[in-house]
Amino acid sequence: MAQFRLNGSKMLAVDLAGESIRALNGAMVAYEGQMAFKRQGMSGGEGLRGALKRKIAGEGMTLMEINGQGTVYLASEATEVTLVQLAGDTLYVESESLLALDGGLQTGVHFVGLRGMGTGQGLATTKVEGHGTAAILSDGPAIALEVTPQAPLSVDPHAYVGHIGRLEQDVVADVNFRTVLGQGSGESVQFRYQGHGLVYVQPAERGGILEI
């Protein structure tokens with residue numbers, strides 16, 4: 001299995017000994033040894049059916065396949081990189097936040113329905129399943145917040161990066177008298193998670209605050 005390791009907080013190094021990985025197209029900044037790169041297009045290696053699902057959902061993902069002998073270095077616009085270990089579970093992550101993943105991991109589209117439209121997240125997100133390592137991107141160091149049945153978690157959609165575990169996700173609209181008068185927190189729409197797992201958030205908001 002390919003060996004994922006951080007080279008600083010903003011660069012991923014992957015040691016390959018004949019294995020293959022998938023990575024964000026254009027994310028290679030350097031490599032040592034013999035490497036081959038193959039663009040997989042909008043399907044991200046999911047085939048024609050996967051490409052069709054992504055087109056319908058508007059969840060684009062352009063990945064390349066990398067294989068060879070040596071070390072490849074990956075980064076994207078100096079954003080922070082976090083490694084997520086999967087042991088047969090599923091990671092849900094925005095496609096724009098996925099830097100690289102083990103070749104043995106499977107990706108697909110997870111439809112979240114119309115509730116995602118009100119948060120700017122779209123109709124669907126990307127799911128990563130199997131055994132291996134995935135590298136995700138964030139604006140600033142990603143923080144993993146634990147969710148338990150006794151302690152549900154609410155997250156600003158623009159700070160959300162991804163989540164893993166047995167979690168139920170709902171969209172909560174906090175529209176009340178104080179919000180209408182401009183005395184609320186400004187965070188009128190949140191993702192609410194219940195169950196058991198981890199939610200990855202970033203210390204920055206993409207696209208600013210969304211209110212309804």
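**Figure 1. Bridge partners in strands β11 and β12.** In this predicted model, D170 has R192 of β12 as its bridge partner. Strands β11 and β12 run antiparallel and are joined by 13 bridges. On β11, I164 stands opposite L91. Strand β5, which covers residues 80–93, pairs with β11 in the antiparallel sense, and this pairing comprises three bridges. In a regular strand, side chains alternate between the two faces of the sheet.

**Figure 2. The aromatic cluster of Y160, F191 and Y193.** These three residues, Y160, F191 and Y193, form one aromatic cluster. The model contains four aromatic pairs. One of them is tilted and is formed by Y31 and F37, with 5.4 Å from centre to centre and 55 degrees between the planes; Figure 3 returns to its surroundings. The pair of Y160 and Y193 is stacked, with ring centres 6.0 Å apart and an angle of 15 degrees between the planes. Y160 belongs to strand β11 (residues 160–173) and Y193 to strand β12 (residues 189–201), so the pair ties together parts that lie 33 residues apart in sequence. Y160 and Y193 are both buried.

**Figure 3. A nonpolar surface patch formed by M28, Y31 and F37.** Together, M28, Y31 and F37 expose about 250 Å² of accessible area as a nonpolar patch on the surface. F37 is located in strand β3, which spans residues 28–39. Y31 has a relative accessibility of 39% and therefore counts as partly exposed. F37 is likewise classed as partly exposed because its relative accessible area is 33%, a value between the limits of 20% for buried and 50% for exposed.

**Figure 4. The salt bridge between R5 and D15.** The side chains of R5 and D15 meet in a salt bridge with an N-to-O distance of 2.9 Å. This pair links distant parts of the chain, as R5 lies in strand β1 (residues 3–6) and D15 in strand β2 (residues 12–24), 10 residues apart. The count for the model is one salt bridge. R5 is partly exposed because its relative accessibility is 35%. D15 also counts as partly exposed, with a relative accessibility of 24%; the upper limit for a buried residue is 20%.

**Figure 5. The nonpolar cores.** The largest nonpolar core contains 18 residues, and those with the most contacts inside this core are L12, V14, I21, I66, L74, L99 and A100. Two or more residues of this core come from each of the elements β2, β4 (63–74), β6 (98–102) and β8 (124–138). Strand β2 gives the most to the core, namely five residues. Another core lies apart from the largest one; this other core has 14 residues, including L63, L91, L98 and V128. In soluble globular proteins, nonpolar side chains tend to be buried together.

**Figure 6. Surroundings of A13 in strand β2.** A13 is a residue of strand β2. A13 is classed as buried because its relative accessibility is 0%. M28 follows 15 residues apart along the chain, and the C-alpha atoms of A13 and M28 are separated by 9.9 Å. M28 also takes part in the nonpolar surface patch with Y31 and F37.

**Figure 7. Surroundings of T125 in strand β8.** Strand β8 is the place of T125. With a relative accessible area of 5%, T125 is buried. T125 and V109 lie 16 residues apart in sequence, while their C-alpha atoms are 6.0 Å apart in space. Strand β8 is also among the elements that give two or more residues to the largest nonpolar core.

**Figure 8. Placement of the close-up views in the whole chain.** The chain has two helices and 12 strands. From the N terminus, the order of these elements is β-β-β-α-β-β-β-β-β-β-β-β-α-β. Of the 212 residues in the chain, 46% are buried. Among the buried residues are Y160 and Y193 of the aromatic cluster, as well as A13 and T125.

Technical notes:
Residues are numbered from 1 along each chain as its sequence is written. This is a predicted model: local features need pLDDT of at least 70, side-chain atom pairs count only at pLDDT 80 or more; totals for chains, interfaces and linings use all residues. Side-chain values use heavy atoms; hydrogens and water are left out. A salt bridge is a side-chain nitrogen of Lys or Arg within 4 Å of a carboxyl oxygen of Asp or Glu. Helices (H or I, at least four residues) and strands (E, at least two) are DSSP runs, numbered from the N terminus. Buried means under 20% relative accessible area, exposed over 50%, partly exposed in between (1.4 Å probe, protein chains only). Rings of Phe, Tyr and Trp (its six-membered ring) pair if their centres lie within 6.5 Å; planes under 30 degrees apart count as stacked, over 60 as edge-to-face and the rest as tilted. Two strands pair if DSSP finds at least two bridges between them. Patches are made of residues with over 30% relative accessible area and no salt bridge: like charges are joined within 9 Å, nonpolar side chains (Val, Leu, Ile, Met, Phe, Trp, Tyr) within 5 Å. Accessible areas come from the Shrake-Rupley method with a 1.4 Å probe; for residues, only the protein chains shown count as cover. A nonpolar core is a set of buried Ala, Val, Leu, Ile, Met, Phe, Trp, Tyr and Cys residues joined through side-chain atoms within 4.5 Å.
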